[in-house]
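Here are my notes on the model, set out point by point for your consideration. Please read them with the structure open.

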Amino acid sequence: MFYNGKEWVEFPLVSGDDEGFVNGYSIYDVLRTYSGIPYNLKRHYDRLKRSADFMSLEIPPLEKIKIILNQAKKIHNYEEFRFKIYVTPFTSKYKTFYCFVEELKEDVDLIEEGVVVNIARERKPSSPIIPYYVKTPLNGSIKYVHKKYDYYYDSIVLNEYGNVTEGTYSNIFYVSGGMLLTPHISSGILPGITREDVLELANDLSLEVEEKANVQVWELLSAEEVFLTHTSRGVVPVRRIFPDFTFTVPGVVTEAILDNWKDFITEKIED
Ligand code: PLP
């Protein structure tokens, strides 16, 4: 079922006047639940608002999103779900704001075995038309160019200087000499909400952490451990970067994060 801005329908009708559909002029955010409760709803909402402000789009109030989320929970009765919000320009005819709900099943293999990623050929410009903090399909075009093969879980994208930035829908962390590192925001990344939480948890666990500017590819490829972070799956260990750079799964530091992740999230939800 989809929420079409007014009601839940089997299929949303999309107008040819909708610039989000025709020209990709839209913003979005993806939420998920843990124990049926939305993870970091306010922070996701604030990010949607920042994206909306940049693109001069209007978004519904947070209270409205909460109502729709509750409806989604009742209609679908999923134990855990992923919730995508898309906002396109309002026109006199259409209120263009859509919500999609998908059941989210824990994928234990993903965490236990780790995933394979590659490095995208395409680079990110350092002065993009739309800043990287704006979550819009217009910023995600590399996803469609590079993630052609289902074989790779995600593609790591470098900036125009050849420094590591992030995946096409995830942030990246690596462990070197026992220290946890992740590319600095200045590298040109989306400041992921899961990334922020991993940094906070790592601090709580007294791990040595650095948000590092200008991470070179060799630093990543020679790391002991690598993992990705994104809302839908949380922390995802990487076992190989194509073609043959392999990493311990789960490494000591990744395991410490994974072992404490659910409790850390649950405590936040309870707060
Ligand atoms: N980087 C990009 C480009 C993304 O699109 C996403 C999420 O979709 C992320 C990172 C991870 O962000 P979050 O942890 O908030 O899901």
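1. Helices (H or I, at least four residues) and strands (E, at least two) are taken here as DSSP runs, numbered from the N terminus. The model is a predicted one, in which local features need pLDDT of at least 70 and side-chain atom pairs count only at pLDDT 80 or more, while totals for chains, interfaces and linings use all residues. Residue numbers start from 1 along each chain as its sequence is written.

2. Just after H2, Ser56 adopts a positive phi of about 55°. Helix H2 itself (residues 41-55) has 15 residues, which at 1.5 Å a residue should span 21 Å (1.5 Å times one less than the number of residues), and the end C-alpha atoms of H2 are indeed 21 Å apart.

3. His44, Tyr45, Arg47, Leu48 and Ser51 of H2 are buried, a term that requires 20 or more other C-beta atoms, placed from the backbone, within 10 Å of the residue's own (exposed: 12 or fewer; partly exposed: in between). These residues lie on the same side of H2, because they cover an arc of only 160° around the axis, taken from the directions from the helix axis to the C-beta atoms. The cover over the buried residues of H2 includes strand E3 (27-34), helix H3 (62-76), strand E5 (81-87) and helix H6 (193-204), contact being counted when C-beta atoms, placed from the backbone, lie within 7 Å.

4. Glu219 sits in helix H7 (residues 217-221) and is partly exposed, with 16 other C-beta atoms within 10 Å. Glu219 and Val164, 55 residues apart in sequence, are 9.2 Å apart in space, C-alpha to C-alpha.

Note on methods
Contact = placed C-beta atoms within 7 Å.
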